[in-house]
Amino acid sequence: MTDLSNRTLENLKQFSAIYIGGGNTFSLLNAIRISRLDKALEEFIENEGVIYGGSAGAIILGSNIMACAHMDANNANLQNFEGLNHMVSQ
């Protein structure tokens, strides 16, 4: 799935797991937020879905994405560096 817009839990239910790949970490997180895919991913996790990330996809699943600041340019002009880890129940 490469088109992130208007995705809902219903779209994601067809998958047992979701892989989020790499690229520019700032741009990736920005695209996920703008498309509101973060909300669908949160619901996916709450319904026992599995999300796995590689490279930038792994970094955005953490608490803060600034670990990538020395490698990736913030071309998205992102101001909120909080990752998606808040989706996981502690």
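1. A nonpolar core is here a set of buried Ala, Val, Leu, Ile, Met, Phe, Trp, Tyr and Cys residues joined through side-chain atoms within 4.5 Å. In this predicted model, the largest such core has 19 residues, and the members that touch the most others are Ile18, Ile20, Ile32, Leu41 and Ile60. At least two residues of this core come from each of α1, β1, α2 and α3. As general background, nonpolar side chains tend to be buried together in soluble globular proteins.

2. The strands may be taken next. Strand β1 (residues 17-20) pairs with β2 in the parallel sense, over 4 bridges. Within this pairing, isoleucine 18 has isoleucine 51 of β2 as its bridge partner. Side chains alternate along β2 (residues 50-53): Ile51 and Gly53 are buried and point to one face, whereas Val50 and Tyr52 point to the other and are not buried.

3. Helix α2 (residues 25-34) has a buried set consisting of Thr25, Phe26, Leu28, Leu29 and Ile32. These residues lie on the same side of α2, because the arc they cover around the axis is only 165 degrees. Their packing partners are β1, α3 and α4.

4. Helix α3 (residues 37-46) has Leu37, Asp38, Ala40, Leu41 and Phe44 as buried residues. The arc they cover around the axis is only 160 degrees, and they are therefore on the same side of α3. The elements that cover the buried residues of α3 include α1 (9-12), β1, α2 and β2. An aspartate, Asp38, is thus listed among the buried residues of this helix.

5. The N-terminal end of α2 deserves separate comment. Asparagine 24 caps this end, with a side-chain oxygen 2.9 Å from the backbone nitrogen of phenylalanine 26. Threonine 25, which is found in α2, has a relative accessible area of 0% and therefore counts as buried. Beyond residues up to four places away in sequence, threonine 25 touches Ala56, Ile59, Ile60, Ile65, Cys68 and Asp72.

6. One of those contacts can be read from the other side. Isoleucine 59 is found in helix α4 (residues 56-59). Apart from neighbours within four places in sequence, isoleucine 59 is in contact with Thr25, Asn64, Ile65 and Cys68. Ile65 and Cys68 are thus contacts of isoleucine 59 and of threonine 25. With respect to leucine 12, isoleucine 59 is 47 residues away in sequence and 21 Å away in space, C-alpha to C-alpha.

7. Aromatic pairs number 2 in the model. Tyrosine 19 and tyrosine 52 form a stacked pair, with 5.5 Å from centre to centre and 25 degrees between the planes. This pair links distant parts of the chain, since tyrosine 19 is in strand β1 and tyrosine 52 in strand β2, 33 residues apart. Both tyrosine 19 and tyrosine 52 are exposed.

8. Phenylalanine 26 and phenylalanine 81 form an edge-to-face pair, because their planes stand at 80 degrees, with the ring centres 6.0 Å apart. Phenylalanine 26 belongs to helix α2 and phenylalanine 81 to the segment after α4, so this pair ties together parts that are 55 residues apart in sequence. Phenylalanine 26 has a relative accessible area of 2% and is therefore buried, whereas phenylalanine 81, at 25%, is partly exposed.

9. Backbone geometry should be checked at residues with positive phi. Most residues other than glycine have a negative phi. Arginine 36, just after α2, takes a positive phi of about 65 degrees. This residue lies in the loop between α2 and α3 and, with a relative accessible area of 53%, is exposed. Just after α3, glutamate 48 takes a positive phi of about 70 degrees.

10. Asparagine 77 also has a positive phi, near 55 degrees, in a residue other than glycine. Asparagine 77 lies in the segment after α4. Its relative accessible area is 56%, and asparagine 77 is therefore exposed.

Technical notes: Residues are numbered from 1 along each chain as its sequence is written. Side-chain values use heavy atoms; hydrogens and water are left out. Contact means heavy atoms within 4.5 Å. Buried means under 20% relative accessible area, exposed over 50%, partly exposed in between (1.4 Å probe, protein chains only). Two strands pair if DSSP finds at least two bridges between them. The arc is that of the directions from the helix axis to the C-beta atoms. Rings of Phe, Tyr and Trp (its six-membered ring) pair if their centres lie within 6.5 Å; planes under 30 degrees apart count as stacked, over 60 as edge-to-face and the rest as tilted. A polar contact is a pair of N or O atoms within 3.5 Å; within protein, one must be able to donate a hydrogen and the other to accept it, and residues adjacent in sequence count only if both atoms are side-chain atoms.
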